[in-house]
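Biologist: I am new to this protein and would be grateful for a guided reading of one part of it. Please set that part in its wider context before turning to the details.

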Amino acid sequence: SYYLALATHRVSQPLNLIEDMAIASIINQDSDEISIDSLADERYKHVVTMIESHELHRFLLRKRKKDEKGSLTGTSVPPIVSLICLVGLETSGSFLIEYCNLAMSSKPSTPSAKQMDFSTHLPINQVAAQLEEYPKLLHWFLHRVFCEKPEIYVQFPNTAVPPSVVTDLHRIHFNLHIRYADRQNRGNKSLTVLPSLDEISHESPLMMFLKATMVHGGIRSDDVRKTIEKCRSDSDKPKRSNVKYPHLFAHELAYVIERTGSGSERDAREVLNLYLEGVVSLPLAVEYVERNTTHSAMLWEALVSYCLNTKVEEPSGGESGEDVVNGQLFGTLLEVAARSGADLAHLVSQIPPGMCIQGIRSKLVTAISDYRFKLKINKDALKILSSDKVTLMREQCYRSRRGVRIDLASDIERNSETLKLNISQKKNIEKIEQTPKDGIHRLSAKRKARFRKAKSKRGGFIGVALPQSLEIR
């Protein structure tokens, strides 16, 4: 408690820097002035070891003090915030993630739960409650739980319905993503420059969060769409024609509309426009057009029209002119479409007369060679599939020859007859075993009867007649 009280006196200056670094670690911004390790004091890192060795985890969950009026005192700082200020973000974050768990009921129902020791557990809802007045730290904590311990936040192997505590945190976490979004457009992208595979597959923290949490029902897709559109337009009544931040959450909004939209032509055009003007990625736009089979023809027409009628500035030098610039964008479209396996003949037929596309010969030759290579791979795969099929059929025929035919009805009758035979044999054995005993009893009864008869005739003598002096009375 003395160490945490010491941190409350040091919390006024570095807390703002700690919160800024927490947000920077989420949005992957590198700062030249400060780092996470520079805000940590090496002298107090033994406090975490002391808490672990003496099992003082519950001490971090105690409630803040209140004054006489029932309000929280201004100088009182939650113990977890004090620990973060004392040892830094990295050490405190690893400690919280290691001992963080789901909230347990007051009375465990299973015997195994009763035997568990919960003295070292830090329930996620109680930790979030302490960080509620520090939203940047709360955002940082929930993001670390999402990335490093998903089994208590987004993955539930033992239940189909997540706890209500977790779904409430999902809504809070989504609002924090929107609140602390990076509204600066970093880097001028161009559709004529093809991004690398890493750039295409890169996903923002919000995109990963939406893919993992929307299936649990904590946040609704309609609410997500309205909130993102409001954030992009920066007004209470967002309009599609008045977008203040076209790059902001463009990929996320396209994902939400494609996944949970109505599937109408209007939504399809909006998603295509988000990929072209918001994400500024021609490969993602072509992938969406190929993926949307319902409106594929309409989307191809819209994409070709966009590439023909959009003026794009040349990245460096060269000839200027509208035909040349549009030719570069359309040539990039041909290159991307060839990679995705689209119909190049249709696209080539859409080239207007007089358009100059630099390097179109090499692009078409490359596209045709790639097509032939893919076709060869497909044929080889079919040959391998057919050979595997023949091998499996031969194995099946071989195994069928060694099989034993089973007739359920005849087996039941045979088993019933065998059971009856066993019962009859058992009864015969019991009779055979009982016959000697019955014969012995009958023989003893006959002997007793003869003995009594002889005794009555001879006056009570036993056996043969003896002299009177030797008679046995």
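What percentage of the 473 residues of the protein count as buried? With that settled, I should like a close look at helix 16: at what angle does it pack with helix 15, and which residues of the two helices meet?

Modeller: The model before you is a predicted one. Of the protein's 473 residues, 36% count as buried. Its secondary structure consists of 20 helices and two strands. If one takes the contacts between residues at least 6 apart in sequence, 66% of them join residues at least 24 apart.

Helix 16 spans residues 296-309, and its partner, helix 15, spans residues 282-291. The two pack with their axes 9 Å apart, at an angle of about 155 degrees. Because angles over 145 degrees count as roughly antiparallel, helix 15 is described as roughly antiparallel to helix 16. From helix 15, the contact draws on Leu282, Val286, Tyr288, Val289 and Glu290. From helix 16, Ser296, Leu299, Trp300, Leu303 and Cys307 take part. Sorted by class, the residues of this contact are eight nonpolar, one polar and one charged.

One residue of that contact, Leu303, deserves separate attention. Apart from neighbours within four places in sequence, Leu303 is in contact with Leu282, Val286 and Val289, which also appear among the helix 15 residues listed above. The contacts of Leu303 further include Leu272, Leu276 and Leu333. Leu303 also belongs to the largest nonpolar core, a set of 104 residues. Within that core, Leu137, Phe141, Tyr153 and Leu303 touch the most other members. Helix 16 gives the most to this core, contributing eight residues. As background, nonpolar side chains in soluble globular proteins tend to be buried together.

Helix 16 also holds a residue in another setting. Asn309 has its place in this helix, and its relative accessible area is 58%. Because exposed means over 50%, Asn309 counts as exposed. Its C-alpha atom is separated by 9.9 Å from that of Leu329, a residue 20 places away along the chain.

The core leads from here to helix 9. Tyr153, named above among the core members, is in contact with both His170 and His173. His170 has its place in helix 9, and His173 lies in helix 9 as well, which covers residues 164-179. Each has a relative accessibility of 0%, and because buried means under 20%, His170 counts as buried and His173 counts as buried too. The side chain of His170 reaches the backbone oxygen of Tyr153 at 2.9 Å. Beyond its sequence neighbours within four places, His170 is in contact with Tyr153, Val154, Phe209, Thr213, His216 and Ile219. On the same basis of leaving out residues up to four places away, His173 touches His139, Leu142, His143, Tyr153 and Phe209. Phe209 thus appears in the contacts of His170 and in those of His173.

A second helix pair may be set beside the pair of interest. Helix 3, residues 46-54, packs with helix 4, residues 79-87, at an angle of about 135 degrees and with axes 9 Å apart. That angle makes helix 3 oblique to helix 4. Val47, Val48 and Ile51 of helix 3 make the contact with Leu83, Leu86 and Val87 of helix 4. By class, this contact has six nonpolar residues, no polar residues and no charged residues.

Terms used. Residues are numbered from 1 along each chain as its sequence is written. This is a predicted model: local features need pLDDT of at least 70, side-chain atom pairs count only at pLDDT 80 or more; totals for chains, interfaces and linings use all residues. Side-chain values use heavy atoms; hydrogens and water are left out. Axes are lines fitted to C-alpha atoms, for helices over the stretch in contact, and angles run from 0 to 180 degrees between N-to-C directions. Helices (H or I, at least four residues) and strands (E, at least two) are DSSP runs, numbered from the N terminus. Angles under 35 degrees count as roughly parallel, over 145 as roughly antiparallel, 65 to 115 as roughly perpendicular and the rest as oblique. Contact means heavy atoms within 4.5 Å. Ala, Val, Leu, Ile, Met, Phe, Trp, Tyr, Cys and Pro count as nonpolar, Asp, Glu, Lys and Arg as charged, and the others, Gly among them, as polar. Buried means under 20% relative accessible area, exposed over 50%, partly exposed in between (1.4 Å probe, protein chains only). A nonpolar core is a set of buried Ala, Val, Leu, Ile, Met, Phe, Trp, Tyr and Cys residues joined through side-chain atoms within 4.5 Å. A polar contact is a pair of N or O atoms within 3.5 Å; within protein, one must be able to donate a hydrogen and the other to accept it, and residues adjacent in sequence count only if both atoms are side-chain atoms.
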